[in-house]
Amino acid sequence: DNLIMISTVISDLGGVLLFSKDKSYKGKLNPVYKEELKKEGFDFFNFFELNNELLEYYASLKEKGVKLYIITEGIIQNDPKIKDDLYKVFDKIYSSGEIGLTKKEVGLYEGILQGLGIEPSDAMYIDDNRDNLGAAQELGIKTILFKNTEGLKEEIQNSHI
């Protein structure tokens, strides 16, 4: 039986797990977050919403022993309104901005996996931006382009996780 078993899922945050409440907005979430955070009476959930269905699905994978991580770009993941919910499910959250590499650089994934002691062939990376998948693929990580939650769940299940 030579099925490749994936033991680790690395997920993007914005556009996969976190969305703008404004469905017409297609830009990055961190610049909006930083701007709104400055305003008095800022309420996180007036602007953003978690993909709770996917968060629950990831939690079910964690119960099966899958290691879960997030790679994101900025600081939005540290907001008190979502931080605890994310850390209940994810073992660690990495910010490419804090690391100093972009998601388009192989070194980002290489450094994270080496630090965790995980082989690229044991990992899967999920992102809503096709441009961010290339570096992970180059390293030998299985990648999935996120389009919607149902499709992602199906692809993960078909990946023998």
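A residue counts as exposed when its relative accessible area is over 50%, and as buried when that area is under 20%. The legends below use both words in this sense. The model is predicted.

**View 1. Helix α4, with a buried side and an exposed side.** Helix α4 spans residues 80-89. Ile-82, Leu-86 and Val-89 are its buried residues in this view. They cover an arc of only 60° around the axis, so they lie on the same side of α4. Pro-80, Asp-84 and Lys-88 sit on the other side of the helix. These three are exposed, which means that each has over 50% relative accessible area. Several elements cover the buried residues of α4. Among them are the strands β2 (18-20), β3 (48-50), β4 (67-72) and β5 (92-95). The helices α2 and α3 also belong to this cover.

**View 2. Helix α8 and its packing partners.** Helix α8 runs over residues 149-157. Which of its residues are buried? They are Thr-149, Leu-152, Lys-153 and Ile-156. Their arc around the axis is only 100°, which puts the four on the same side of α8. The buried residues pack against one helix, α3 (52-63). They also pack against two strands, β6 (123-127) and β7 (142-145).

**View 3. Ile-112 in helix α6.** Helix α6 covers residues 106-116, and Ile-112 is part of it. Ile-112 has a relative accessible area of 5%, so it counts as buried. Its contacts include no residues up to four places away in sequence, as those are not counted here. On that basis Ile-112 touches Ile-71, Tyr-94 and Ile-99. Asn-148 serves as a distant landmark. Ile-112 and Asn-148 are 36 residues apart in sequence. Their C-alpha atoms are 26 Å apart in space.

**View 4. Pro-120 in the loop after α6.** Pro-120 is found in the loop that joins α6 to β6. What does Pro-120 contact once neighbours within four places in sequence are left aside? The partners are Leu-113, Leu-139, Gly-140 and Ile-141. Arg-130 gives a second reference point. It is 10 residues from Pro-120 in sequence. In space the two residues are 18 Å apart, C-alpha to C-alpha.

**View 5. Glu-40 in the loop between α1 and α2.** The loop lies between α1 (29-37) and α2 (44-47). Is Glu-40 buried or exposed? Its relative accessibility is 85%, so Glu-40 counts as exposed. Lys-26 is 14 residues from Glu-40 in sequence. The C-alpha atoms of Glu-40 and Lys-26 are 25 Å apart.

**View 6. The whole chain, for orientation.** The chain holds eight helices and seven strands. Its radius of gyration is 15 Å, close to the 15 Å that the globule rule gives for 161 residues, so the chain is as compact as a globular protein of that length. Along the principal axes, the C-alpha atoms fill a box of roughly 55 × 30 × 25 Å. Of the 161 residues, 43% count as buried. Contacts between residues at least 6 apart in sequence were sorted by separation; 66% of them join residues at least 24 apart. The chain exposes about 8,600 Å², and carbon and sulfur atoms supply 47% of that area. There are 20 positive and 28 negative side chains. The centres of these two sets lie 3 Å apart.

Technical notes:
Residues are numbered from 1 along each chain as its sequence is written. This is a predicted model: local features need pLDDT of at least 70, side-chain atom pairs count only at pLDDT 80 or more; totals for chains, interfaces and linings use all residues. Side-chain values use heavy atoms; hydrogens and water are left out. The radius of gyration is taken over C-alpha atoms; the globule rule is 2.2 Å times the number of residues to the power 0.38. Buried means under 20% relative accessible area, exposed over 50%, partly exposed in between (1.4 Å probe, protein chains only). Contact means heavy atoms within 4.5 Å. Accessible areas come from the Shrake-Rupley method with a 1.4 Å probe; for residues, only the protein chains shown count as cover. Lys and Arg count as positive and Asp and Glu as negative; His and the chain ends are not counted. The place of a charge is taken as NZ of Lys, CZ of Arg, CG of Asp or CD of Glu. The arc is that of the directions from the helix axis to the C-beta atoms.
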